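Pull up the coordinates and have the sequence beside you. We'll go from the overall fold down to a handful of individual residues.

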Amino acid sequence: MQQLVKEFTKGLWTELPPFRLVLGLCPTLAVTKTADNGLGMGLAVIFVLVLSNMLISLVRDIIPKKVRIVCFIAISASLVVAVELLMQAYAYPLYQQLGIFVPLIVVNCIILGRAEAFAAKNTVPLAIADGLGMGLGFTMSLTFLGSIREVFGAGTLFGTPVMWEGFRPFSVMVEAPGAFLCLGLILAAMNLINRWQAKRKGREEPENISSGCASCGGCSGGKS
């Protein structure tokens with residue numbers, strides 16, 4: 001049980017995908033014009049990540065090593081198709097706003113990274129805990145970034161006005177430069193928090209964070 005809790009909670013801060021591991025930055029920057037978009041993309045990633053981790057863990061002993069990446073992509077692609085159909089049926093406006101980034105979940109480095117580094121090497125309960133923790137961390141990150149951009153770029157939060165009367169939105173916040181600006185400020189703030197935490201523990205520098213996906217041949221071009 002303690003191991004399950006550890007694998008679940010690491011994705012909520014220690015290995016927070018966009019801000020600590022700096023993974024999945026394409027959707028993080030592209031779809032977070034509003035909090036709704038960030039939340040919607042995050043929930044889709046949770047669905048795919050948890051189920052792909054579970055399925056890959058179940059069949060890890062029968063997948064040939066030489067074709068494991070292809071098998072991982074086939075599993076995630078099937079789940080992404082299911083997500084697309086569900087969004088088209090029940091959240092079509094959100095599906096239109098997210099656009100090409102929904103099918104691109106298939107090659108999201110978080111999905112493939114967790115499959116290669118964790119799900120293919122651990123039991124089903126641990127794989128599910130890892131996928132759920134990483135997915136929730138990713139969802140919270142996108143929703144937080146989208147909220148900042150929406151509040152300052154449009155004066156609303158989840159479509160509801162939240163700023164004072166006469167507030168002039170910073171239009172740059174809902175454009176591409178605003179995404180990079182907000183991400184940079186968040187990364188800087190997290191680095192300051194990490195250094196403060198390290199000093200409290202008597203260390204000069206924060207501990208190095210590793211995503212555990214160094215062995216993934218899919219990204220590094222290494223031998224499979």
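Start at the N terminus and read off the elements: they run α-α-α-α-α-α-α-β-β-α-α. That makes nine helices and two strands. Keep in mind that this is a predicted model.

How compact is the protein for its length? The radius of gyration is 18 Å, and the globule rule gives 17 Å for 224 residues, so the protein is as compact as a globular protein of that length. If you'd rather think in box dimensions, the C-alpha trace spans about 60 × 55 × 35 Å along its principal axes.

Now for the contacts and the surface. Take the contacts between residues at least 6 apart in sequence: 74% of them join residues at least 24 apart. Buried residues account for 44% of the 224. The protein exposes about 11,900 Å², and 65% of that comes from carbon and sulfur atoms. As for charge, there are 18 positive and 13 negative side chains, with the centres of the two sets 8 Å apart.

Next, the annotation. The unreviewed UniProt entry puts "transmembrane region" on residues 39-58, 70-92, 98-115, 127-148 and 168-193. Two of these spans are worth checking against the model. Residues 98-115 come out as 44% helix and 0% strand, with the end C-alpha atoms 24 Å apart. Residues 168-193 are 69% helix and 0% strand, and there the end C-alpha atoms lie 31 Å apart.

Let's zoom in on the loop between α1 (2-9) and α2 (25-30), where L21 sits. Is L21 buried or exposed? Its relative accessibility is 13%, and the cut-off for buried is under 20%, so L21 counts as buried. L21 also pairs up in space with a residue from far along the chain: I110 is 89 residues away in sequence, yet the two C-alpha atoms are 9.6 Å apart. V22 belongs to that loop between α1 and α2 as well. At 41% relative accessibility, V22 counts as partly exposed. Have a look at its backbone too: phi of V22 is near 55°, a positive value in a residue other than glycine.

Further along comes helix α7 (residues 124-154), which holds S147. S147 is buried, at a relative accessible area of 15%. What does S147 touch, once residues up to four places away in sequence are set aside? The partners are A35 and L157.

Past that helix, go to the loop between β1 (156-157) and β2 (160-161), where you'll find F158. F158 is not a glycine, but its phi is positive, at about 55°. With a relative accessibility of 38%, F158 counts as partly exposed.

The last stop is R168, in the loop between β2 and α8 (176-200). R168 is exposed, and its relative accessible area is 73%. Which residue can you pair it with across space? Try F152: R168 and F152 are 16 residues apart along the chain, and their C-alpha atoms are separated by 8.7 Å. In the UniProt annotation, one of the "transmembrane region" spans is 168-193, while in the model R168 itself lies in a loop.

How values were computed
Residues numbered from 1 in each chain as written. Predicted model: local features only at pLDDT ≥ 70, side-chain atom pairs only at ≥ 80, totals over all residues. Heavy atoms only, no water. Helix = DSSP H or I, 4+ residues; strand = E, 2+ residues; numbered from the N terminus. Rg over C-alpha atoms; globule rule 2.2 N^0.38 Å. Buried < 20%, exposed > 50% of the residue type's maximum accessible area, 1.4 Å probe, protein only. Contact = heavy atoms within 4.5 Å. Areas by Shrake-Rupley, 256 points an atom, 1.4 Å probe, with all protein chains shown as cover. Lys, Arg positive; Asp, Glu negative; His and termini not counted. Charge placed at Lys NZ, Arg CZ, Asp CG, Glu CD. UniProt positions renumbered as here; feature names shortened; annotations may be inferred.
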